[in-house]
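Welcome, and thanks for opening the viewer. Let's walk through this structure together, one selection at a time.

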Amino acid sequence: MVTLISHSPAETESLGERWGRAAQGGLVIGLSGELGAGKTQLVRGLGRGLGIAARIHSPTFTLVNEYGGGRLRLFHLDLYRLETADQINGAGLEEFLQPDGVTVIEWAERIYDLRFGIYDLKKVQIEIVSELERQIVYDDFGA
Ligand SMILES: Nc1ncnc2c1ncn2[C@@H]1O[C@H](COP(=O)(O)OP(=O)(O)OP(=O)(O)O)[C@@H](O)[C@H]1O
Ligand SMILES: [Mg+2]
């Protein structure tokens with residue numbers, strides 16, 4: 001595990017960008033942290049690192065936003081609204097795990113009971129320290 005303090009939204013985005021540049025197909029990044037922690041901010045960087053030009057915003061009316069045009073496809077899920085086990089099991093999340101894509105999941109702790117099989121799951125925890133500081137604890141990406 002690696003722990004770092006990000007001092008700005010841009011710094012959090014840069015971390016995501018670094019991961020995006022190093023990402024291999026089949027990577028699944030699980031993001032946990034309260035509202036406004038910076039999960040989406042990190043995903044923006046991830047998109048940039050993958051070479052995706054589109055502006056990334058959290059899926060609100062759908063479960064997933066899918067982005068092409070980069071080195072690998074990016075599936076961005078937000079499970080905030082999935083509360084019960086039935087909702088989670090009925091959501092068909094397997095569809096968004098792709099061996100040749102990268103999947104990033106906000107509120108991922110809701111599905112850590114599921115089996116990720118061949119996928120390379122990296123867990124990330126973001127905590128608010130102060131207005132501009134975030135503590136980010138993550139599995140080593142080698143990036
Ligand atoms: N060091 C930092 N890293 C990331 N975001 C920061 C940082 N400092 C301040 N912020 C601000 O915190 C907010 C993070 O918002 P973001 O949408 O990324 O949170 P989130 O974790 O995705 O929340 P939600 O659960 O609502 O989706 C932004 O307004 C951003 O500008
Ligand atoms: Mg978000």
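## Around ligand 1

Start by selecting ligand 1 and the shell of residues around it: by class, that shell holds five nonpolar, eight polar and five charged residues. Keep in mind as you look that this is a predicted model.

In total, 18 residues surround ligand 1. To see the closest of them, select Thr12, Gly36, Lys39, Thr40 and Leu132.

Now colour by secondary structure. Which element gives the largest share of the shell around ligand 1? Helix 2 does, with three residues.

Next, pick out some polar contacts of the ligand one by one:

- Select Ser6: a polar atom of its side chain is 3.1 Å from a nitrogen atom of ligand 1.
- Move to Gly36, where the backbone takes part: one of its N or O atoms lies 2.9 Å from an oxygen atom of ligand 1.
- Then go to Leu132, whose backbone has a polar atom 2.9 Å from a nitrogen atom of ligand 1.

If you now show a surface, you can see how the ligand is covered: on its own, ligand 1 has 650 Å² of accessible area, and the protein covers 75% of this. Helix 1 and helix 2 are the elements that give two or more residues to the shell around ligand 1.

## The magnesium ion

Select ligand 2, the magnesium ion, next. Which protein atoms serve as its donors? They are OG1 of Thr40 and OE of Glu106, at 2.1 to 2.2 Å from the ion. Trace the chain between these two and you will find that they link distant parts of it: Thr40 sits in helix 2 (residues 39-49) and Glu106 in strand 5 (residues 101-106), 66 residues apart.

Are the two donors buried or exposed? Thr40 counts as buried because its relative accessibility is 16%, under the 20% cut-off. Glu106 is buried too, with a relative accessible area of 3%. Thr40 is also worth a second look here, since this donor to the magnesium ion is among the closest residues to ligand 1.

## Salt bridges

For the next stop, display the charged side chains. How many salt bridges does a search of the whole structure find? The search finds five.

Begin with Arg48 and Glu17, whose closest N and O atoms are 2.6 Å apart. This pair also links distant parts of the chain, with Arg48 in helix 2 and Glu17 in helix 1 (residues 9-22), 31 residues apart. Arg48 is partly exposed at 42% relative accessibility, whereas Glu17 is buried at 18%.

Now select Glu66 and Arg73. Their side chains meet in a salt bridge, with 2.7 Å from N to O. Glu66 is partly exposed, its relative accessible area being 46%, and Arg73 is partly exposed as well, at 39%.

Then turn to Asp120 and Lys122, where the side chains form a salt bridge at 3.8 Å, N to O. Here Asp120 is partly exposed, with 38% relative accessible area, while Lys122 is buried at 16%.

For a last selection, show Glu13, Glu17, Arg21 and Arg48 together: salt bridges that share partners join these four into one network.

Terms used
Residues are numbered from 1 along each chain as its sequence is written. Chains are lettered from A and ligands numbered from 1 in the order in which they are written. This is a predicted model: local features need pLDDT of at least 70, side-chain atom pairs count only at pLDDT 80 or more; totals for chains, interfaces and linings use all residues. Side-chain values use heavy atoms; hydrogens and water are left out. Donors are N, O and S atoms within 2.8 Å of the metal (3.2 Å for Na, K and Ca); water is not among the atoms, so sites may look incomplete. Helices (H or I, at least four residues) and strands (E, at least two) are DSSP runs, numbered from the N terminus. Buried means under 20% relative accessible area, exposed over 50%, partly exposed in between (1.4 Å probe, protein chains only). A residue is near a molecule or strand if one of its heavy atoms lies within 4 Å of it. A polar contact is a pair of N or O atoms within 3.5 Å; within protein, one must be able to donate a hydrogen and the other to accept it, and residues adjacent in sequence count only if both atoms are side-chain atoms. Accessible areas come from the Shrake-Rupley method with a 1.4 Å probe; for residues, only the protein chains shown count as cover. Ala, Val, Leu, Ile, Met, Phe, Trp, Tyr, Cys and Pro count as nonpolar, Asp, Glu, Lys and Arg as charged, and the others, Gly among them, as polar.
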